Amino acid sequence: MRILVIGAGNGGAAAAVELSLAGHEVRLYARSASTLEPFSRDGIGFAGVLGEGRLRPYGLGSDLAAAIADVEAAVVALPVYAHGAVARALAEAEWGATRPIILNPGHTGGVFEFETAYRTVSDEFPPVAEFSTLAYVARKPQPDTVNVTGRAKALRAASLPSGRAALELACALFPGAYDSGDVIATGLSNVNMIVHPPGAMLGASWTEATGGDFTFYVQGMTPGVMHVMRALDAERIAVATALGHTLPTVIGEMRALGTVPADADPNDYGAIASGAANRSIKAPDSLDHRYYVEDFGHGLVPFTVIARIAGVATPVADALIALCAIARSRGEVPTRGAAEMGLVGCSRDALLDRVGPAKT
Ligand SMILES: NC(=O)C1=CN([C@@H]2O[C@H](COP(=O)(O)OP(=O)(O)OC[C@H]3O[C@@H](n4cnc5c(N)ncnc54)[C@H](OP(=O)(O)O)[C@@H]3O)[C@@H](O)[C@H]2O)C=CC1
Ligand SMILES: CC(C)(CO)C(=O)C(=O)O
């Protein structure tokens, strides 16, 4: 199949490698030619759980209109604060109403924001599916190489009722992806919004003092951080319950993903540090890192919007959001709020109506 991967960062490079290895003709698009230039010389180097080697995607380009010309589907593998801009750009480039798009990941409210932004340009909306998280734990140690240290074993996927074709394709293309019922289940299973904000906020001074020179899940995962994470996770599970879903703790979710050991106690929040892929992850280097910019504005903020609709109070999430905004105090932080998700004034019934009947 001819597939366009949008984004050439860690996740985009990993997706391009995995889909190419599976025999697909991958076109890799990034908005910056300079990000693609290292790949254009000797292809993408890869190491880790996808194997080791170097491969050339079928095409590379930073012109979106040209990149979409002959592909059959797209995988968006970008920080999720890019989704609004990418949706509008695809609509302007006349992506059309039939070709599927997979948000790898969508995180919380990804499909909602993608649809809302797309429809500002076009009345026709293509099938779109989302994953709850990125299919990989991946880093680019050099600009031409991706190191994939983890691969999700069981990965939640969902779409709006109009997006079934994208959901089916997502489950066919990505091993381990499964239909998780609806985009409430995927959105509320975004592990990053639970595992990043407590340590990021409580460790903000350590980050600023050292430039992030400590291990986020080992040195940074102190008992106080774990208590806050547990309380935040309880809010997430309560919101899910109010909307008809039974979700595991974030440790249970990570067990399913395979990023903590399969025998980890789902109530032991310290178990994150025993996941091989997480153990060596360094702390954010500044308060401009994605753990602050993305996981608050595009994680906790959409979470609290959904919580309000569900009628569940979220004092821990609210406090973290308020502290992050004050600590950063750097002007506008992009945010996935009710307006961006098309959920202004939305009632619980209207939300459930929009996502369609849960299938699991
Ligand atoms: N990496 C990981 O292990 C994990 C990541 N995730 C999530 O997966 C998503 C992708 O992560 P990852 O691949 O690591 O991200 P990266 O930090 O590697 O993404 C960087 C790329 O995003 C591009 N980008 C940023 N903003 C925009 C925009 N507005 N329009 C177009 N392109 C843009 C940049 O483009 P340019 O080329 O112009 O610089 C850059 O190449 C994130 O949501 C992340 O939280 C989740 C779990 C694990
Ligand atoms: C895998 C995870 C959740 C670890 O923090 C992640 O988002 C990252 O790699 O930065």
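User: Which residues does UniProt list for "domain: Ketopantoate reductase N-terminal"?
Analyst: The model discussed here is predicted. The annotation comes from an unreviewed UniProt entry. In the model that span is 39% helix and 32% strand, with its end C-alpha atoms 10 Å apart. The listed span is residues 3-59.

User: How much of the "domain: Opine dehydrogenase" span, residues 181-325, is strand?
Analyst: UniProt, again in an unreviewed entry, places this annotation on residues 181-325. The end C-alpha atoms of the span are 33 Å apart, and helix makes up 59% of it. The strand content is 0%.

User: How many helices and strands does the chain have, and why does it count as compact as a globular protein of its length?
Analyst: The chain's secondary structure amounts to 16 helices and 12 strands. For 360 residues the globule rule gives 21 Å, and the chain comes close to that value, so it is as compact as a globular protein of that length. The radius of gyration behind this statement is 19 Å.

User: What percentage of the residues in the chain is buried?
Analyst: Along the principal axes, the C-alpha atoms fill a box of roughly 50 × 45 × 40 Å. Of contacts between residues at least 6 apart in sequence, 74% join residues at least 24 apart. Of the 360 residues, the buried share is 51%.

User: Which element of the chain has the lowest mean pLDDT?
Analyst: The chain averages a pLDDT of 96, and 98% of the residues score at least 70. For the complex, the predictor gives an ipTM of 0.98 and a pTM of 0.97. Among the elements, strand β7 (residues 101-103) has the highest mean, 99, while the lowest, 82, belongs to helix α13 (residues 276-279).

User: Which residues come nearest to ligand 1, and how many of the residues in its shell are charged?
Analyst: Ligand 1 has 27 residues around it, and those that come nearest are G9, G11, S32, T35 and A82. Elements giving two or more residues to this shell are α1 (10-21), α4 (83-92), β9 (136-142) and α14 (290-310). By class the shell holds 14 nonpolar and 10 polar residues, and the charged ones number 3.

User: Which residues surround ligand 2?
Analyst: The shell around ligand 2 contains 4 nonpolar and 2 polar residues, with no charged ones. The surrounding residues are V137, V191, N192, V195, N278 and I281.

User: Is R41 buried or exposed, and what distance separates its C-alpha atom from that of D144?
Analyst: R41 sits in helix α2 (residues 33-42). The cut-off for an exposed residue is 12 or fewer other C-beta atoms within 10 Å; R41 has 7 such neighbours, so it counts as exposed. R41 and D144 are 103 residues apart along the chain, yet their C-alpha atoms are separated by 8.7 Å.

User: Why does A177 count as buried, and with which residues is it in contact beyond four places in sequence?
Analyst: A177 belongs to strand β12 (residues 177-179). The cut-off for a buried residue is 20 or more other C-beta atoms within 10 Å, and A177 is buried because it has 23. A157 is 20 residues from A177 in sequence and 6.1 Å from it in space, C-alpha to C-alpha. Leaving aside neighbours within four places in sequence, the contacts of A177 are F131, L155, A157, A170 and C171.

User: Where is P105, and what is omega for the cis peptide bond that joins it to N104?
Analyst: P105 has its place in the loop between β7 and α5 (110-119). The peptide bond between N104 and P105 is cis, with omega at about 10°.

User: What is phi of H107, and is H107 buried or exposed?
Analyst: H107 lies in the loop between β7 and α5. Its phi is positive although H107 is not a glycine, with a value near 55°. Since 30 other C-beta atoms lie within 10 Å, H107 is buried.

User: Is E94 buried or exposed, and what is its phi?
Analyst: E94 is found in the loop between α4 and β7. With 11 C-beta neighbours inside 10 Å, E94 counts as exposed. E94 is not a glycine, but its phi is positive, at about 65°.

Terms used:
Residues numbered from 1 in each chain as written. Chains lettered and ligands numbered in written order. Predicted model: local features only at pLDDT ≥ 70, side-chain atom pairs only at ≥ 80, totals over all residues. Helix = DSSP H or I, 4+ residues; strand = E, 2+ residues; numbered from the N terminus. Rg over C-alpha atoms; globule rule 2.2 N^0.38 Å. Contact = placed C-beta atoms within 7 Å. Near = placed C-beta within 6 Å. Nonpolar A, V, L, I, M, F, W, Y, C, P; charged D, E, K, R; others polar. UniProt positions renumbered as here; feature names shortened; annotations may be inferred. pLDDT = per-residue confidence, 0-100.
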